[in-house]
Amino acid sequence: AKLPESIGSLVNLKKLYCYNNQLTKLPESIGSLVNLKKDTLKSLGDLELQLGNVDAARQHFNNALPLYVAHYHRQGKTSTLKSLGDLELRLGNVDAARQHFNNALRLYEALRDQLGKANTLESLGDLELQLGNVDLARQHFYDALSLYLVVGSQQGMADTLMSLGYLVLQS
């Protein structure tokens with residue numbers, strides 16, 4: 001009998017989680033596998049954050065970050081900082097979130113990563129909206145939207161337009 005799609009997806013998610021957890025136990029001395037390990041830690045952090053397991057997410061991000069730094073992987077470091085900002089924002093730690101977002105934004109600009117910059121600006125917009133800074137939130141959302149248009153991210157455009165619509169409803 002075939003499992004309902006949602007149950008099948010949960011089974012696959014559990015298999016992926018177990019597989020990724022095993023990868024994080026690889027010794028760091030195995031050269032190219034270090035790349036796999038740090039990316040796996042980052043992915044596990046993102047997964048745990050989506051599942052609401054913030055302590056586990058923080059641990060994975062904090063384990064991945066020094067590996068990215070040690071191996072001069074600026075993109076991974078930047079992405080992890082952005083994820084740490086999302087985690088802190090979820091917990092209501094706006095100062096820590098802002099610091100992570102601002103650090104990520106500077107690095108995305110240096111990397112000329114327009115999509116990463118747009119995602120970070122959208123998160124900064126969410127942060128400012130949470131604080132009631134509507135004008136600053138709106139500016140971040142507009143800046144993000146213009147970048148999403150440049151890179152052609154339909155999902156980014158849709159999410160940002162929804163945030164802007166929410167601002168209109170709040171006015």
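**Two pockets in a protein of helices**

The second largest pocket is lined by Lys42, Asp46, Leu49, Gln50, Ser79, Lys82, Ser83, Asp86, Tyr108, Gly116 and Asn119. Here a pocket is an open set of points on a 1 Å grid over the protein atoms alone where a 1.4 Å probe fits, with protein on both sides within 12 Å along at least five of seven lines, and lining residues have an atom within 4 Å of a point. Helices H2 (33–51), H4 and H6 are the elements that give two or more residues to this lining. By residue type, the lining splits into two nonpolar, five polar and four charged; Gly counts as polar and Tyr as nonpolar in this scheme, while Asp, Glu, Lys and Arg are the charged types. The space inside comes to about 180 Å³, a volume being what probe spheres set on the grid points fill.

All of this is read from a predicted model, in which local features need pLDDT of at least 70 and side-chain atom pairs count only at pLDDT 80 or more, whereas totals for chains, interfaces and linings use all residues. Residues are numbered from 1 along each chain as its sequence is written, and side-chain values use heavy atoms, with hydrogens and water left out.

The largest pocket holds about 230 Å³ of space. Around it sit Leu49, Lys82, Asp86, Leu89, Arg90, Asn119, Glu122, Ser123, Asp126, Tyr148 and Asp159. At least two of these lining residues come from each of helix H4 (74–91) and helix H6 (114–131). Six of the lining residues are charged, with three nonpolar and two polar making up the rest.

Ser83, one of the residues lining the second largest pocket, belongs to helix H4. With 6% relative accessibility, Ser83 counts as buried (under 20% relative accessible area is buried, over 50% exposed and in between partly exposed, with a 1.4 Å probe and protein chains only). Leaving aside residues up to four places away in sequence, Ser83 touches Lys42, Asp46, Leu49 and Phe61, where contact means heavy atoms within 4.5 Å. Lys42, Asp46 and Leu49 also appear in the lining of the second largest pocket.

Stepping back, the protein has eight helices and zero strands, giving the pattern α-α-α-α-α-α-α-α along the sequence. Helices are DSSP runs of H or I with at least four residues and strands are E runs with at least two, numbered from the N terminus. There are 171 residues, and 39% of them count as buried. Among contacts with a separation of 6 or more, 48% join residues 24 or more positions apart.

Two loop residues have an unusual backbone, since most residues other than glycine have a negative phi. Tyr72, in the loop between helix H3 (54–70) and H4, has a positive phi of about 55 degrees. Its relative accessible area of 74% makes Tyr72 exposed. Arg112 sits in the loop between helix H5 (94–111) and H6, and has a positive phi near 60 degrees. Arg112 is exposed too, at a relative accessible area of 72%.

As for confidence, the pLDDT (the predictor's confidence in each residue, from 0 to 100) averages 84 over the protein, and 80% of the residues score at least 70. Residues 1–12 have a pLDDT below 50, and this stretch makes two contacts in the model beyond near neighbours in sequence.
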